[in-house]
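Trainee: Please give me a close look at the charged side chains of this model and at how they pair. I would like the cut-offs spelled out along the way.

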Amino acid sequence: MKQERFEALHHDEWNAFENWLGHRLKIIKNYDGKPPVATIEDHNMPHCYRNVCQQLALARDRGYSLILIERLHNMVLQGHDILYSADSGISKRIFHYIAGGFAADLRENKRWVMLSALLILAPWIIMLIVVRIWPDFIYIVMTPEEVHQLDDMYNSTYVLGGKLGVFRESDSNWMMFGFYIYNNISIAFRAFAGGLLAGIGSVFTLVYNGIYMGAAEARIVNIGAGRNFYSFVVGHSAFEIGGIIISGATGLKLGWSLIVPGRLSRPDSLRKAGRSVIGLICGSGIMLLIAAMIEAFWSPHNFPLAVKLSAGAFFFIILVSYFIFTGRRHAA
């Protein structure tokens with residue numbers, strides 16, 4: 001068969017395959033963490049790819065022009081990369097997202113993360129200073145019953161071999177693990193879902209929790225139980241506070257999409273923002289799960305304070321390094 005007839009016979013098939021390749025490459029370039037919706041063309045392309053491979057072999061065997069061979073060769077290479085690297089398993093997609101996509105998404109939304117961090121940390125620091133200077137101010141934030149319960153929680157000490165820390169029976173660790181998951185997830189959910197109220201709910205959740213945690217920390221230090229408190233919270237605080245901050249950032253982004261929808265309608269703007277933060281919500285959930293595990297099974301142990309502080313610093317460095325350095329190739 002002459003080359004001209006060979007090209008005319010397969011011209012439409014090649015054009016369709018090249019158009020499909022361009023479309024898929026565009027989807028990959030603009031990947032937002034969601035698997036693309038399969039089309040009729042997607043189901044036909046594996047068969048078309050096999051045909052192109054066969055046609056490349058024929059073109060080489062028959063000694064057709066290098067231009068044609070190179071065109072078919074490029075089609076085969078791109079088709080192989082797309083078809084055989086396409087991830088149909090959710091477990092692999094999750095692994096790739098954890099390995100880099102989560103960090104890349106967080107850096108892409110860093111202004112919302114920074115705003116969320118400011119909304120929770122600024123009230124925290126302010127309330128910490130205020131209650132330290134005026135101890136009775138704690139009763140404006142908490143009821144007397146809550147203050148009494150807080151005092152009892154961190155005044156309960158256990159001395160063993162000169163090591164001082166909060167003591168809890170090991171039998172209750174699993175029960176507390178479930179409680180911590182519920183508590184952490186509920187706060188994160190309110191921070192996220194509050195974005196549907198034009199972000200007001202997210203702002204309230206972040207500020208309120210910042211005020212409450214700052215007041216609680218100052219109260220515990222004021223009664224002389226600061227060592228117990230820091231021994232208990234230092235291990236899991238990076239994951240817990242980080243997860244809440246990220247959840248708050250997603251809520252703020254949702255709220256902004258409703259306030260400033262741009263050229264989109266508000267429902268469309270909300271859907272677009274929602275799709276863009278799905279990965280961050282899942283990632284913050286994993287962080288809060290890790291925090292609950294540490295809080296339930298590591299934090300109650302009566303290790304020396306230096307060991308607890310070293311572990312907390314290690315977790316913090318690992319988390320910050322992950323968000324700074326991983327996912328660069330994914331983002332590119």
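Mentor: Glu-18 forms a salt bridge with Arg-71, and the closest N and O atoms of this pair are 3.0 Å apart; a salt bridge here is a side-chain nitrogen of Lys or Arg within 4 Å of a carboxyl oxygen of Asp or Glu. Because Glu-18 lies in helix H1 (residues 3-29) and Arg-71 in helix H3 (residues 66-85), the pair ties together parts that are 53 residues apart in sequence; helices (H or I, at least four residues) and strands (E, at least two) are DSSP runs, numbered from the N terminus. The model is a predicted one, in which local features need pLDDT of at least 70 and side-chain atom pairs count only at pLDDT 80 or more, while totals for chains, interfaces and linings use all residues. Residues are numbered from 1 along each chain as its sequence is written, and side-chain values use heavy atoms, with hydrogens and water left out.

Both partners of this pair are partly exposed, Glu-18 at 29% relative accessibility and Arg-71 at 26%, where buried means under 20% relative accessible area, exposed over 50%, and partly exposed in between (1.4 Å probe, protein chains only). In general, side chains of opposite charge can pair when their charged atoms come close. A search of the whole structure finds three salt bridges, and the other partners can be taken in turn.

Arg-219 forms a salt bridge with Asp-151, with 2.8 Å between the closest N and O atoms. This pair, too, links distant parts of the chain, with Arg-219 in helix H9 (residues 200-222) and Asp-151 in helix H7 (residues 144-155), 68 residues apart. Arg-219 and Asp-151 are both buried.

Asp-268 and Arg-271 also meet through their side chains in a salt bridge, at 2.1 Å from N to O. Here the partners are three residues apart in helix H12 (residues 266-297), so that about one helical turn separates them. Asp-268 is partly exposed at 32% relative accessibility, and Arg-271 is likewise partly exposed, with a relative accessible area of 48%.

Lys-308, in helix H13 (residues 305-325), deserves a separate look: this lysine is buried yet has no salt bridge, and the nearest side chain of opposite charge, Glu-295, is 11 Å away (Lys and Arg count as positive and Asp and Glu as negative, whereas His and the chain ends are not counted). The side chain of Lys-308 does reach the backbone oxygen of Ser-299, at 2.8 Å. Leaving aside neighbours within four places in sequence, Lys-308 is in contact (heavy atoms within 4.5 Å) with Ser-231, Val-234, Trp-298, Ser-299, His-301 and Phe-303.

As background for these sites, the protein chain has 14 helices and two strands, and buried residues make up 41% of its 332 residues. Among contacts between residues at least 6 apart in sequence, 78% join residues at least 24 apart.

Covalent cross-links can be dealt with briefly. A disulfide is a pair of cysteine sulfur atoms within 2.5 Å, and by this rule the count comes to zero. For Cys-53, the closest cysteine sulfur is that of Cys-48, and at 9.8 Å the two are too far apart for a bond; Cys-53 itself is partly exposed at 28% relative accessibility.

Definitions and conventions:
A polar contact is a pair of N or O atoms within 3.5 Å; within protein, one must be able to donate a hydrogen and the other to accept it, and residues adjacent in sequence count only if both atoms are side-chain atoms.
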